[in-house]
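User: Please examine the fold shown below and explain how its elements are arranged.

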Amino acid sequence: MKYMMIIYGNKELWESIPAEEWQTTIAAFDAFTTKHKESGELLGAYGVADAAQAKTVRTVTGAPVVTDGPYLESKEYLASWYLLDVDSEERALELAAELPADQVEVWPILHEA
């Protein structure tokens, strides 16, 4: 069964990590990624750009209209997501607890297109 793990972030959070801890933090995420890619349970891990680089596309009277930023106004934004293929929800939750993040959302993937 496939699951998506989501980590949210914000500019203040990233800036609060002292420079000397940044490499250690990245190394912890890299170790998690390597370990679970090798096991086959992690299909991919993706970090996204800052929310200021996002675009929203809406269709207005049949024509696309592109605006800056995400649609939702919020302090936090999607920072990273991981795609898992595991045997159970229990295993997905175990992996989420192992991820070196303060909070992780776990979403079942219902279907693939």
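**Helix packing and sheet**

Analyst: In this predicted model, H2 and H3 pack with their axes 11 Å apart, at an angle of about 155°.

User: Are H2 and H3 roughly parallel or roughly antiparallel to each other?

Analyst: The angle between H2 and H3 is about 155°. Angles over 145 degrees count as roughly antiparallel. The relation of H2 to H3 is therefore roughly antiparallel.

User: Which residues in H3 are met by Phe-32, Lys-35 and His-36 in H2, and how many residues of the contact are charged?

Analyst: Phe-32, Lys-35 and His-36 on the H2 side meet Arg-91, Leu-95 and Glu-98 in H3. The residues of this contact of H2 with H3 include 2 nonpolar and 1 polar, and the number charged is 3.

User: In what order do the strands of the open sheet stand, and why is one side of S2 and of S6 left without a neighbour?

Analyst: The open sheet is formed by 4 strands with antiparallel pairing, in the order S2-S5-S1-S6. Strand S2 (42–47) and strand S6 (105–108) are at its edges, so each has a single partner strand and one side without a neighbour in the sheet. On average, neighbouring strands of this sheet are turned against each other, direction ignored, by 20°.

User: How many bridges join strand S1 to S6, and which residue in S6 stands opposite Met-4?

Analyst: Strand S1 (residues 2–9) and S6 run antiparallel, and the bridges joining them number 4. The residue opposite Met-4 in S6 is Trp-107.

User: Which strands does helix H2 touch, and which does helix H3 touch?

Analyst: Helix H2 (residues 19–39) packs on the sheet and touches S1, S2 and strand S5 (77–85), its direction making about 155° with that of S2. Helix H3 (residues 89–98) also packs on the sheet, with a direction at about 30° to that of S1. The strands that H3 touches are S1, S5 and S6.

User: Is Thr-33 buried or exposed, and which residues does Thr-33 touch?

Analyst: Thr-33 is found in helix H2. Its relative accessibility is 19%, so Thr-33 counts as buried, the cut-off being under 20%. Leaving aside residues up to four places away in sequence, Thr-33 touches Leu-42, Ala-45 and Tyr-82.

User: Where is Thr-61 placed, and is Thr-61 buried or exposed?

Analyst: Thr-61 lies in the loop between strand S3 (55–60) and strand S4 (63–68). Its phi is near 45°, a positive value in a residue other than glycine. Most residues other than glycine have a negative phi. With 83% relative accessibility, Thr-61 counts as exposed.

Notes:
Residues are numbered from 1 along each chain as its sequence is written. This is a predicted model: local features need pLDDT of at least 70, side-chain atom pairs count only at pLDDT 80 or more; totals for chains, interfaces and linings use all residues. Side-chain values use heavy atoms; hydrogens and water are left out. Two strands pair if DSSP finds at least two bridges between them. Helices (H or I, at least four residues) and strands (E, at least two) are DSSP runs, numbered from the N terminus. Axes are lines fitted to C-alpha atoms, for helices over the stretch in contact, and angles run from 0 to 180 degrees between N-to-C directions. Contact means heavy atoms within 4.5 Å. Buried means under 20% relative accessible area, exposed over 50%, partly exposed in between (1.4 Å probe, protein chains only). Angles under 35 degrees count as roughly parallel, over 145 as roughly antiparallel, 65 to 115 as roughly perpendicular and the rest as oblique. Ala, Val, Leu, Ile, Met, Phe, Trp, Tyr, Cys and Pro count as nonpolar, Asp, Glu, Lys and Arg as charged, and the others, Gly among them, as polar.
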